[in-house]
Amino acid sequence: MTNPDTPRRAGRLRRAFAGLRLPLHDPLAIAGLAIYAAFIVIAIFAPQIATHDPTEILFTDDFQLAADLRPGEDGYIMGTTTLGRDVFSQLVWGSRSALVIGLTAAFMVALIGSIVGVVAGYFGGWTDTLLMRLADVAFGIPFLPFVIVLAAFLEPSIWNVVIAMALILWRDTGRVIRSQTLTLRTRAYVEAARISGSSDVKIILRHIVPNVLPLSFLYGSIAIGWAILTEASISFLGFGDPTSISWGYMLQDAYASQALSKRSYYWFVPPGLCIILIVSAGFFISRGYEKILFPKLDR
Amino acid sequence: MKAITAIGSRLLQTLFVLWAVVTILFLMFRLMPGNPMAAYIDPNFTPEQQDALMARFGLDRPLWEQYFIYLGNLLQGDLGESFFYRTPVTERILALLPNTLILTFSSLIVAYAFGILAGSYLAWKRGSRVEQVAVPVVLTTRAMPEFWLGMILLAVFSFTLGWFPAGGTRPPGAEYDGYWALYTSRDFLVHLTLPVLTLAIYSQGLPLLLMRSNMLDVMKEDFVTMARIKGLSPFTVVIRHAARNALLPVTTSFAIAVGYQIQGNVVVETVFSWPGLGRELVRAVSASDYPLAQGAFLMIAVVVILMNLIADLLYALLDPRVTRE
C-alpha cells in the first residue's frame, strides 16, 4: 500500500518550506508564526466562523434596530454597532482584508526592494547612482500624506495602500540589500564564477539572490505590519474602500458614531488588539530572521 | 577639506530631492483624473476671478510653461489661494506649523528621555526576567495604530474619567492675546497632554531599543572593562562611561524621528482635533481644497527632507570617522 510518489512529494514540499527559511529556533518568532497561522485559519473560514453578514443591518425580535447592543445582549457575542451590525462578524471578516493587504504589499515591497538593491549593488556605476538617487527621493516623500493624496485621487480601493507601498517603501529594503550585494560581489566564489565565464544573470541567481533572501524576508515581515497599519490609518481618515470590511473601517465607524463618548469599548478595543497582534507577530518573525542573519547579535 | 566636499555634496543632494518632490507634487496635482485646472480654480469662483487665477498660475499655457510658473511662484512662497478659506495658502500653513511642531517636539522629548533611561536600564539588566518581558512589550507598542491608542486614551481619560478635554487646543470661546499667551496657558497644556502621551508611547520604542543595543555594544569595549577593574560602582560604569558613548547614534536618530513623527501626526491630530498641518491636509483633501492640500503636503515634505539632512550632518559632526573615510 505504499505510494512511491509520496516521499518525493514530501521532499519537494519540505524543500519549498525550507526555501522560506522560517526562523524556527526562536521562541518569539514561533509565537509570531503561530499568530499568523491562527489568523490565516480565521480568514479562510470567515464565512463559517462569522455569525452574521458583517454589513447586514440587524433588527431585534420586536422589529427595533439592533443598535449599540452590549456584548451578549440578544445573543450578539461582541455586541452591535450604532447601525445595527454585528461587531464579532466584522472582526472575523476584517482578518481577510488585513491578510490580503499585508501579504501582497509585503511581497511587492520585498520584491521591488530586492531587485533594486541587487541590480544597483551588482552592476554599480550609473545604474547604481540612478537607483540610489531614486531611493533618496523616495525617502523625501512623506509616506502617509502620499497615500492620502493617492487614495483621494484614485477610486477608493484596498489596493491603493499596496500601490503606494510599492511606489515608496522599497527604499529601505533597496538600500540594505544593495550594501549586502556590494560585499557579496567581492567574495571569492563570486569572483571564481565570473572568471569561469558565468553570465551576470547566472551569478545573480545562483550566488547573490540566495544570500540576500533572508534580508528580503526580514524586510518583508516588517512590511506586512506597515501595510496593515497604513490601511487602518487610511480607512480611519475616511479614504478607505467603503465596500470592504477592515479593522480600520471598524475603528473609523466607531469613532464617527461617537462610540468613545458612549464608552462602547467592546466595539473599538477588539479591532485595535487584532491589529497589534498581527503586526507584532510580523516584528517577532523579523527578529527571528535577524538572528539568522547576524548570529553574533544574538540578544 | 574632505569634510567640506562631503557636506557640499550632501547639500546638493538635498536640493535635488527637494526639486524632485516638488516636481512629483506638480505632476500628481495636475495629472489627476478630472479637470486639470481643478488644482487651482474653484468652480464656484466668478468668471473674472477664474480668469485672474488662470493668468496667475498660467493655466491657459502648455504644461511645461505651467511648470516653470509653478516653480517661480514657489520660490516666492506663493502656493495659491485656499478654496475654503479664501486666503493665501502660505499664510494658513505658517499659522498651523507651530501647533504641529509643538506637538511633535514635546512628544519626542518625552519619548527620548524615557527611551534613553529605560534602554540603558534594560541593557544593564541584560538576561534578567525584566528584560525578557520588556523587549516584546516594547515591540508591541510599535505595533499599535497610533490613532487607536489615542482613541483608547480619549475614551478612558476624557469620556470615562473626565480628567482631560476631548480635543482642540483651548476651551470653546477662550481667547488669548497672541500665540505666546495661548502656548503658555494652562488650558493649552491640558489639551496637549493626551496627544503628547499618545505620540510619546508610540515613539519611545525607537530610542529605547537603539539605546539598549548600543549599550550592549559599548559595554563590551575595553574602557568599560577598565572602569570595572578600577572598582567603580556599577552605576558609575553604566552612566558615566557606557551611556555617554552609547548616546551618539540615539541623538542622530532624533532628527529622523521628527521626520517620521510629522508624517504620523496626520492621524493623531485628526483624533484629537488638533489644528495642525496633518489634520489640515486630511480636511483639505476631503474637501477638494487642492491648493491647501498641496501646500500642507509640501510643508510636511520639507520638514522630512530637512530632518534627513540634519541627521546626516549631525552624524558626520559627532562621529568624524564618517567623513574621513
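These legends go with a set of close-up views of a predicted two-chain model.

**Figure 1. Chain A, an all-helix run of elements.**
Start with the whole chain before zooming in. Chain A has 12 helices and 0 strands, so the string of elements from the N terminus on reads α-α-α-α-α-α-α-α-α-α-α-α. The chain is 299 residues long, and 51% of them count as buried. If you look at contacts in chain A with a separation of 6 or more, 71% come from residues 24 or more positions apart. The accessible surface of chain A adds up to about 13,900 Å², with 66% belonging to carbon and sulfur atoms.

**Figure 2. Helix H6 of chain A, a mostly covered helix.**
This view takes in residues 143–153 of chain A, which make up H6(A). Of the 11 residues here, 10 are buried. Reading along the helix, the buried ones are Phe143(A), Leu144(A), Pro145(A), Phe146(A), Val147(A), Ile148(A), Val149(A), Leu150(A), Ala151(A) and Phe153(A).

**Figure 3. Tyr189(A) and its polar contact with Asn211(A).**
Tyr189(A) sits in helix H9 of chain A, which spans residues 188–195. Is this tyrosine buried or exposed? Neither, quite: Tyr189(A) counts as partly exposed because its relative accessibility is 34%, between the 20% and 50% cut-offs. Setting aside residues up to four places away in sequence, Tyr189(A) touches Leu184(A), His207(A) and Asn211(A). With Asn211(A) there is also a polar contact, side chain to side chain, at 3.1 Å. For a backbone distance in this view, try Ile203(A): it is 14 residues from Tyr189(A) along the chain, and the two C-alpha atoms are separated by 9.8 Å.

**Figure 4. Ser280(A), a buried serine that contacts chain B.**
Here we're in helix H12 of chain A (residues 265–293), which holds Ser280(A). Ser280(A) counts as buried because its relative accessibility is 4%, and the cut-off is under 20%. Where does the side chain of Ser280(A) find a backbone oxygen? At Ile276(A): the backbone oxygen of that residue lies 2.5 Å from a polar atom of the Ser280(A) side chain. Once neighbours within four places in sequence are left out, Ser280(A) is in contact with two residues of the other chain, Thr140(B) and Ala143(B).

**Figure 5. Chain B, again built from helices without strands.**
Now over to the partner chain. Chain B has 14 helices and 0 strands, and its elements run α-α-α-α-α-α-α-α-α-α-α-α-α-α from the N terminus on. Among its 325 residues, 49% are buried. Contacts in chain B with a separation of 6 or more owe 72% of their number to residues 24 or more positions apart. Chain B exposes about 15,500 Å², and carbon and sulfur atoms supply 67% of that.

**Figure 6. Helices H5 and H9 of chain B, crossing at roughly 145 degrees.**
Two packed helices are described by the angle between their axes and the distance between the axes. In this pair, H5(B) covers residues 129–142 and H9(B) covers residues 205–218. Their axes come within 9 Å, and the crossing is left-handed. On the H5(B) side, the contact is made by Glu131(B), Val135(B), Val138(B), Leu139(B) and Arg142(B). From H9(B) come Gly205(B), Leu206(B), Leu208(B), Leu209(B) and Arg212(B). Sorted by class, that gives 6 nonpolar, 1 polar and 3 charged residues.

**Figure 7. Leu153(B), buried in helix H6 of chain B.**
The helix in question runs over residues 146–160 of chain B. Why does Leu153(B) count as buried? Because its relative accessible area is 9%, and the cut-off is under 20%. Leaving out neighbours within four places in sequence, Leu153(B) is in contact with Ser158(B), Leu194(B), Leu197(B) and Thr198(B). Pro195(B) makes a handy reference point too: 42 residues from Leu153(B) in sequence, and 8.9 Å away C-alpha to C-alpha.

**Figure 8. Ser273(B), a non-glycine residue with a positive phi.**
Most residues other than glycine have a negative phi. Ser273(B), though, has a phi of about 45 degrees. Ser273(B) is found in the loop between helix H11 (234–271) and helix H12 (277–286) of chain B. With a relative accessible area of 30%, Ser273(B) is partly exposed.

Notes. Residues numbered from 1 in each chain as written. Chains lettered and ligands numbered in written order. Predicted model: local features only at pLDDT ≥ 70, side-chain atom pairs only at ≥ 80, totals over all residues. Heavy atoms only, no water. Helix = DSSP H or I, 4+ residues; strand = E, 2+ residues; numbered from the N terminus. Buried < 20%, exposed > 50% of the residue type's maximum accessible area, 1.4 Å probe, protein only. Polar contact = N/O pair within 3.5 Å; in protein donor to acceptor, adjacent residues only side chain to side chain. Contact = heavy atoms within 4.5 Å. Axes fitted to C-alpha atoms, helices over the stretch in contact; angles between N-to-C directions. Left-handed = near helix turned anticlockwise from the far one by under 90°. Nonpolar A, V, L, I, M, F, W, Y, C, P; charged D, E, K, R; others polar. Areas by Shrake-Rupley, 256 points an atom, 1.4 Å probe, with all protein chains shown as cover.
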